[in-house]
Amino acid sequence: MKKFYQSAPAQAFIAWAAARYLTLAARTLRWRVEGEANLRLMAGDTPLIVVFWHECLPAMPIFWLRAKRLGMSRPAVVLASQHRDGQLIGRAVQHMGIALVSGSSSRGGAAGLRGLLKALDNGMHVGLTPDGPRGPRRTAAPGAAQLAGLSGVQILPCGAVTSRAKTLDSWDKMRLPLPFGRGALVCGAPVSVSREDWQAGVPAIASALNAVMARAAELL
């Protein structure tokens, strides 16, 4: 049975089902959105690096739906870990119309960074989870700050929480939203990272993400 679930057809179906469930669940929730002016930047003339803590990945559908309603037409890519679980999440994201770049801070990091720089050069938004793929939870790795410093592209910190959710027994304590509850999505002000001192961007990104998560919890 385990081999069946790990097979390519089973993984493809699970990814499709997960994407459908998350999209439908997001549509049933009563959302409060704060920072819409920042979210509107997604429809602007320049690409952005959108960052979430890893636990917020299930909120990606509502984020992209909101951005599209506000006029975003620019394509986007996300970094997917080369680990099997990361590729499964990546396939689910693809069903939402987002492309993939494979790599992580622990596997294929250099290749992933090059792929993301190329995507930004091509005018695509980039989505990252600074504490992924394996944590520690809510601890930013240097990748997002490095990418912002090298590219000159601003970071857009976002966070989301829902009132009804299933908390997974995972390192990030990911909460899968359940239908018909309340949700809060907060989009913070852009964070600029200096090429010469990109290291200072690491705590700045973590602080911004913690702030939007705290505010989202207050809005529920």
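This report walks through a predicted model of one protein chain, from its overall make-up to a strand and a surface patch.

Let's start with the big picture. The chain has 220 residues, and 46% of them are buried. Its secondary structure adds up to eight helices and nine strands. If you take the contacts with a separation of 6 or more, 75% of them link residues that sit 24 or more positions apart. As for the outside, the accessible surface is about 10,700 Å², and carbon and sulfur atoms own 55% of that.

Now zoom in on strand β9, which covers residues 182–187. Is β9 mostly covered or mostly open? Mostly covered: five of its six residues are buried. Strand β9 pairs with β1 and also with β6. Here is how the two pairings look:

| Partner of β9 | Sense | Bridges |
|---|---|---|
| β1 (residues 30–34) | parallel | five bridges |
| β6 (residues 155–162) | antiparallel | five bridges |

You can pick out single bridges too. Glu-34 has Val-186 of β9 as its bridge partner, while Cys-158 is matched with Cys-187 of β9.

Finally, head to the surface. Which residues form a nonpolar patch there? They are Phe-13, Ile-14 and Trp-16, which together offer about 300 Å² of accessible area. Phe-13 belongs to helix α2, spanning residues 8–28. Why does Phe-13 count as exposed? Because its relative accessible area is 52%, and exposed means over 50%.

Note on methods. Residues are numbered from 1 along each chain as its sequence is written. This is a predicted model: local features need pLDDT of at least 70, side-chain atom pairs count only at pLDDT 80 or more; totals for chains, interfaces and linings use all residues. Side-chain values use heavy atoms; hydrogens and water are left out. Helices (H or I, at least four residues) and strands (E, at least two) are DSSP runs, numbered from the N terminus. Buried means under 20% relative accessible area, exposed over 50%, partly exposed in between (1.4 Å probe, protein chains only). Contact means heavy atoms within 4.5 Å. Accessible areas come from the Shrake-Rupley method with a 1.4 Å probe; for residues, only the protein chains shown count as cover. Two strands pair if DSSP finds at least two bridges between them. Patches are made of residues with over 30% relative accessible area and no salt bridge: like charges are joined within 9 Å, nonpolar side chains (Val, Leu, Ile, Met, Phe, Trp, Tyr) within 5 Å. A salt bridge is a side-chain nitrogen of Lys or Arg within 4 Å of a carboxyl oxygen of Asp or Glu.
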